[in-house]
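Student: I have a new structure open and would like to learn how to read it. Could you walk me through it, one feature at a time?

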Amino acid sequence: MAVLPAAMTLLEAAKLGDETAFEILLRPLLDPGYRLAGGMLQDHQAAQDAVQEAAFKAWRKLRQLRDGSDMRPWFLGIVANECRSIRRSRWTSVVTLLAPADADTPPTDSVLSRMQLRKALRALDEKKRLALVLHWYLDLPLEEIADITGASVHAVEGQIQRGMHELRQRMEGQRG
């Protein structure tokens, strides 16, 4: 990494093409990105692919990030968009259908509960699922979720409440 002028920030350096500065900025965002993608896609490999693609897109679009803006909501928004693209992809459904079932290991109750929760979460519409994943998996405040999703704080609150209500109903329906 080249020596930066004292007044230059990491973001300014990254915008000028400094890959090391970009990596320093991106590193703390990768774990929340993986958790978001994992929660949305429910597939470890697809989540890794989504975050990798989001990081590449963030590098290409870094100049679009306004000075003074927080990089986390901007990057997580890119991850969320990438997850939406993957879910819309026809190949996701084909790969899911072709994935072999692991019949050798009997699932325990906790594994079954997690599987039921994932299934119920996947059944939610995208806006509710995204709001819930950002709120519960990443523990983000409502204001930041609103920044990421482009919705108002009030809309995010409603999505979380309706999503939780629907999730509870789906979980109770799976037990019954």
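## Reading the model together

Tutor: At 16% relative accessibility, Gln-42 counts as buried. That's a good residue to start with, but keep in mind that this is a predicted model.

Student: Okay! Where does Gln-42 sit, and what is its phi?

Tutor: Gln-42 is in the loop between helix H2 (19-41) and helix H3 (44-61). Its phi is near 55 degrees, which is a positive value in a residue other than glycine. Now look at Asp-139, which has a positive phi of about 55 degrees although it isn't a glycine. Asp-139 belongs to the loop between helix H7 (126-137) and helix H8 (142-149).

Student: Is Asp-139 buried or exposed?

Tutor: Exposed, with a relative accessible area of 65%. To call a residue exposed, you want over 50%, while buried means under 20%.

Student: Let me step back. How many helices and strands does the chain have?

Tutor: Nine helices and zero strands. Going along the sequence, you'd write the pattern as α-α-α-α-α-α-α-α-α.

Student: And what share of the chain is buried?

Tutor: Of the 176 residues, 37% are buried. For the outside, the chain exposes about 11000 Å², and carbon and sulfur atoms supply 54% of that.

Student: How do I tell whether contacts link distant parts of the sequence?

Tutor: Take the contacts between residues at least 6 apart in sequence: 64% of them join residues at least 24 apart. For one pair you can check by hand, try Ser-69 and Leu-11. They're 58 residues apart in sequence, yet 9.9 Å apart in space, C-alpha to C-alpha. Ser-69 lies in the loop between H3 and helix H4 (71-88), and it is partly exposed at 27% relative accessible area.

Student: Next, charges. What's the idea behind a salt bridge?

Tutor: Side chains of opposite charge can pair when their charged atoms come close. A search of the whole structure here finds seven salt bridges. One of them joins Arg-84 and Glu-126, with the closest N and O atoms 3.2 Å apart. Arg-84 is in helix H4 and Glu-126 in helix H7, so this pair ties together parts that are 42 residues apart in sequence.

Student: How covered are Arg-84 and Glu-126?

Tutor: Arg-84 counts as buried at 18% relative accessibility, and Glu-126 counts as partly exposed at 26%.

Student: Which residues are linked in a network of salt bridges?

Tutor: Asp-125, Lys-128, Glu-166 and Arg-170. Within it, the side chains of Asp-125 and Lys-128 meet at 3.4 Å, N to O. Asp-125 is partly exposed at 36%, whereas Lys-128 is buried at 15%. Glu-166 and Arg-170 form a salt bridge too, at 2.9 Å, N to O. Both of these lie in helix H9, four residues apart, or about one turn of the helix. Glu-166 is buried at 17%, and Arg-170 is partly exposed at 32%.

Student: What about charges of one sign on the surface? Which residues form the negative patch?

Tutor: Asp-70, Glu-143, Asp-147 and Glu-157 form that negative surface patch. To count for a patch, a residue needs over 30% relative accessible area and no salt bridge. Glu-157 is partly exposed, with 34%. You'll find Glu-157 in helix H9 (residues 153-175).

Student: Helix H9 again! Glu-166 and Arg-170 are in there as well.

Tutor: Right, so try tracing that helix in the viewer next.

Methods. Residues are numbered from 1 along each chain as its sequence is written. This is a predicted model: local features need pLDDT of at least 70, side-chain atom pairs count only at pLDDT 80 or more; totals for chains, interfaces and linings use all residues. Side-chain values use heavy atoms; hydrogens and water are left out. Patches are made of residues with over 30% relative accessible area and no salt bridge: like charges are joined within 9 Å, nonpolar side chains (Val, Leu, Ile, Met, Phe, Trp, Tyr) within 5 Å. Accessible areas come from the Shrake-Rupley method with a 1.4 Å probe; for residues, only the protein chains shown count as cover. A salt bridge is a side-chain nitrogen of Lys or Arg within 4 Å of a carboxyl oxygen of Asp or Glu. Lys and Arg count as positive and Asp and Glu as negative; His and the chain ends are not counted. The place of a charge is taken as NZ of Lys, CZ of Arg, CG of Asp or CD of Glu. Helices (H or I, at least four residues) and strands (E, at least two) are DSSP runs, numbered from the N terminus. Buried means under 20% relative accessible area, exposed over 50%, partly exposed in between (1.4 Å probe, protein chains only). Contact means heavy atoms within 4.5 Å.
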